[in-house]
Amino acid sequence: MGLLVNGQWHDKWYDTASSNGEFQREAAQLRNWVTASGDAGQSGEAGFKAEKGRYHLYVSLACPWAHRTLIFRNLKGLADYIDVSIVSPDMLQNGWTFDKETGSTGDGLFDSAYMHQIYTKNKTDYSGRVTVPVLWDKQQQRIVSNESSEIIRMFNSAFNHLTGNELDFYPLELQPQIDEINGFVYESINNGVYRTGFATSQEAYSAAYEKLFDALDKVEEILSSNQYLVGDTLTEADWRLFTTLIRFDSVYVGHFKCNKRTIESYPNISNYVRALYQYPDVAQTVDFYHIKRHYYFSHTMINPTQVVPNGPDIDYGRAHNRL
Ligand SMILES: N[C@@H](CCC(=O)N[C@@H](CS)C(=O)NCC(=O)O)C(=O)O
């Protein structure tokens, strides 16, 4: 795994030595928006009008950030509008690759070998990490966005006039509450599991671990009186949390040492995860082979043997107590 420096690939992991063992995530750099009219969105340039077949989504089935975009593509009826390439679960010296085995599709647009080639096709001297998801514009031959939280907002509304799908996971009247809970969930849970697992000092690990489980306790309490994070309305905030929770017991408990409790041991959170998993068209976006294989096989600094655990054996299809 590594990054691009002036368009050249370097096999280099995150530098935690300069931050007392703390993992610090880089902000996504490519932040244009697809909009219904083609006008500019909240950031970036204009010119990305919602059109059938124009955009291509690059994802990993293992990645919780990319997973959000796949869920929104399904929930918003966009499968026939936006096609997808799935990278290999193995992210080693060349970063994400387009190996066609093991449930990966290869690069459906250019038949590239590596994901970093998509970034340099967009900008030949690109510098930065090569992350998924990426939304690619086939018309302008460039990247629209590599920020999942913004891609799901585009999917939530920009294509409604084409699909007729008016489901709204970011309704205007709930936006302040959704934004608030998103901030808390991102900081302590979505990114919290990474800050716990990628910490290279005991202090940094312990701080992230405590913050993570304090936050999960708080979520358990919220879900004892609410169906979902924001009252009884299913929103974007739930899908953003879901992709971390569904990976938790299979990967984060063991591989990232988030082992104070499992999600299965929280009565309300575990029911909630099953409800979300069983929501129409969501289960098909969850691939435990890619999830476990990616983390345990790719992070050789954490798991040098690359042995992938067989368990746990959890039935997410069993009954739940949500609406
Ligand atoms: N801010 C990005 C983060 C995406 C991200 O970090 N993806 C991970 C996979 S789970 C990745 O591609 N990491 C490669 C790297 O950091 O070098 C988003 O939410 O879209």
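Let's start with strand β3, residues 55-59, which runs parallel to β4 and is joined to it by 5 bridges. If you want a spot to click on, Leu57 stands opposite Val84 in β4. Please keep in mind that everything I'm showing today comes from a predicted model.

Now zoom out a little. β3 and β4 belong to an open sheet of 4 strands, and the order across it is β4-β3-β6-β7, with mixed pairing. Which strands sit at the edges? Those are β4 and β7, each of which pairs on one side only. On average, neighbouring strands in this sheet are turned by 35 degrees against each other, ignoring direction. Lying across β3 and β4 is helix α1, residues 64-75, which runs at about 135 degrees to β3.

That brings me to the part many of you will care about. The UniProt record, an unreviewed entry, puts the feature "active site" at Cys63 and Tyr194. The two are spread over 132 residues of sequence, yet they cluster in space, with a largest C-alpha distance of 11.7 Å.

Let's take them one at a time. Cys63 is in the loop between β3 and α1, so we are still beside the elements I just showed you. Is Cys63 buried or exposed? It counts as buried, because 25 other C-beta atoms lie within 10 Å, and the cut-off for buried is 20 or more.

Tyr194, on the other hand, belongs to helix α6. With 17 other C-beta atoms within 10 Å, Tyr194 comes out as partly exposed. Which residues does Tyr194 touch, once we leave aside its neighbours within four places in sequence? The answer is Phe23 and Arg25.

On to the helices. Have a look at α3, residues 148-157. Of its 10 residues, 8 are buried, so the rest of the structure largely encloses this helix. The buried set is Ser148, Glu150, Ile151, Ile152, Arg153, Met154, Phe155 and Asn156. You'll notice Glu150 and Arg153 in that list of buried residues. And what covers them? The cover includes α1, β6, β7 and α8, the last of these being residues 236-252. So two strands of our sheet, β6 and β7, turn up again here as part of the cover over α3.

Since α8 has come up, let me show you its partner. α5 and α8 pack with their axes 9 Å apart, at an angle of about 10 degrees. That angle makes α5 roughly parallel to α8. If you colour the two faces, on the α5 side you'll pick out Ile178, Ile181, Asn182, Val185, Ile189 and Asn190. Across from them, α8 brings Glu236, Ala237, Arg240, Leu241 and Thr244.

α5, residues 175-190, also has a role in the next stop, helix α7. Here is a quick sanity check you can do yourselves. α7 covers residues 202-225, which is 24 residues; at 1.5 Å a residue it should span 34 Å, and the end C-alpha atoms are 36 Å apart, so the two values agree. Which residues of α7 are buried? Tyr205, Ala208, Tyr209, Leu212, Leu216 and Val219 are. They pack against α5, α6 and α9, where α6 is residues 192-197 and α9 is residues 267-277. And α6, remember, is the helix that holds Tyr194.

Last, a few backbone oddities for anyone who likes checking geometry. There is a cis peptide bond between Val132 and Pro133, with omega at about 5 degrees. Pro133 lies in the loop between β5 and β6. A further cis bond runs from Gly311 to Pro312, with omega near -5 degrees, and Pro312 is in the segment after α10.

Then we have positive phi angles in residues that are not glycine. Thr102 has a phi of about 50 degrees, and Thr102 is in the loop between β4 and α2. Gln141 has a phi near 55 degrees and lies in the loop between β6 and β7. How do they compare for burial? Thr102 is partly exposed, with 13 other C-beta atoms within 10 Å, whereas Gln141 is exposed, with 11. The cut-off for exposed is 12 or fewer, which is why these two land in separate classes.

That's my tour, and I'm happy to take questions.

Definitions and conventions: Residues are numbered from 1 along each chain as its sequence is written. This is a predicted model: local features need pLDDT of at least 70, side-chain atom pairs count only at pLDDT 80 or more; totals for chains, interfaces and linings use all residues. The expected span of a helix is 1.5 Å times one less than its number of residues. Two residues are in contact if their C-beta atoms, placed from the backbone, lie within 7 Å. Two strands pair if DSSP finds at least two bridges between them. Axes are lines fitted to C-alpha atoms, for helices over the stretch in contact, and angles run from 0 to 180 degrees between N-to-C directions. UniProt positions are given in the numbering used here, feature names are shortened, and annotations may be inferred rather than shown by experiment. Angles under 35 degrees count as roughly parallel, over 145 as roughly antiparallel, 65 to 115 as roughly perpendicular and the rest as oblique.
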